[in-house]
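Colleague: I would like a close look at a single part of this model. Please pick one strand and work outward from there.

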Amino acid sequence: MAKRTASSGTPATVALAAAGIPFSVHPYEHDPAAPSYGLEAAAALGVEPDRVFKTLLADTELGIVVGVVPVTGMLDLKALASAVGAKRASMADPAVAERRTGYVVGGISPVGQKTAHVTVVDETAQLFDTVFVSGGRRGLDIELAPDDLLVAVSGRYAAIAK
């Protein structure tokens with residue numbers, strides 16, 4: 001995997017480059033009519049859908065938290081709440097998610113968010129040498145090692161997908 005420089009252009013790629021974390025950038029032609037942005041990315045990039053992860057924000061009594069789960073599954077809100085020590089979680093309003101992260105829905109990266117959030121990555125990420133997450137805009141994914149993703153977001157693993 002080639003290391004990219006800050007000139008790659010999104011807050012996610014800039015943050016990874018600044019942290020010295022190796023990653024590769026994978027642009028693809030985005031179709032706004034695609035029913036699932038994550039499955040679209042997997043197909044366009046020719047990778048197993050289980051290796052492509054989506055970034056979702058949830059609201060808890062402790063504040064906004066981030067869950068990163070495979071695009072083939074769904075976020076288990078009860079498990080996410082438990083993983084962060086909250087009693088319950090509900091999906092964050094999309095406008096709040098955009099405002100808090102600085103990204104648009106469908107292009108929210110777990111890396112380089114405008115506001116730092118507690119982040120939990122589904123434990124299945126550890127099954128792969130590398131995973132794909134949004135690079136900060138629709139039609140752009142970044143590939144990196146799961147442990148490097150945890151470092152980049154100061155996150156932790158937990159079983160949060162269903």
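Modeller: What follows starts at one strand, moves to its partners, and ends with two separate sites. Keep in mind that the model is predicted.

Start with β7, residues 140–144. Five of its five residues are buried, so β7 is largely enclosed by the rest of the structure. Look at the two faces. Leu140, Ile142 and Leu144 point one way. Asp141 and Glu143 point the other way. Both sets are buried, the acidic pair included.

Now the pairing. β7 runs antiparallel to β1, and four bridges join the two. Val25 has Ile142 as its bridge partner in β7. β7 also runs antiparallel to β6, here with five bridges. In that pairing, Phe132 is matched with Glu143. β6 and β7 form a hairpin with two residues between the strands. Gly139 of this hairpin has a positive phi, near 90°.

Phe132 deserves a stop. This residue sits in strand β6. Its relative accessible area is 3%, below the 20% cut-off, so Phe132 counts as buried. Which residues does Phe132 touch, beyond those up to four places away in sequence? On the β7 side, the list includes Asp141, Ile142 and Glu143. Glu143 is thus listed as a contact and is also the bridge partner. Elsewhere, Phe132 touches His26, Leu45 and Val47. Arg51, Val52 and Phe53 complete the set. Asp50 is 82 residues from Phe132 in sequence, yet their C-alpha atoms are 9.4 Å apart in space.

Next, the helix that packs here. α1 spans residues 11–19. Its buried residues are Ala12, Thr13, Leu16 and Ala17. They lie on the same side of α1, because they cover an arc of only 125° around the axis. The spacing fits a general rule: an α-helix has 3.6 residues a turn, so residues three or four places apart point the same way. Ala18 and Ala19 are exposed on the other side of α1. What do the buried residues of α1 pack against? One partner is β7 itself. The others are β1 (24–27), β6 (131–137) and α5 (146–153). So both strands that pair with β7 also meet the buried residues of α1. After α1 comes Gly20, with a positive phi near 70°.

Two further sites are worth a look. Thr119 lies in strand β5, residues 118–122. Thr119 is buried, at 2% relative accessible area. A polar atom of its side chain lies 3.0 Å from the backbone oxygen of His117. Setting aside residues up to four places away in sequence, Thr119 touches Val66, Val68 and Val153. Gly155 and Arg156 are also contacts of Thr119.

Gly73 is in a loop, between β3 (63–70) and α3 (77–84). Is Gly73 buried or exposed? Its relative accessibility is 14%, under the 20% limit, so Gly73 counts as buried. Beyond neighbours within four places in sequence, Gly73 is in contact with Lys54 and Lys162. Lys54 is 19 residues away in sequence. From C-alpha to C-alpha, Gly73 and Lys54 are 9.4 Å apart.

Back to the starting point. β7 has five buried residues out of five, pairs with β1 and β6, and packs against the buried residues of α1.

Methods
Residues numbered from 1 in each chain as written. Predicted model: local features only at pLDDT ≥ 70, side-chain atom pairs only at ≥ 80, totals over all residues. Heavy atoms only, no water. Buried < 20%, exposed > 50% of the residue type's maximum accessible area, 1.4 Å probe, protein only. Polar contact = N/O pair within 3.5 Å; in protein donor to acceptor, adjacent residues only side chain to side chain. Contact = heavy atoms within 4.5 Å. Arc of directions from axis to C-beta.
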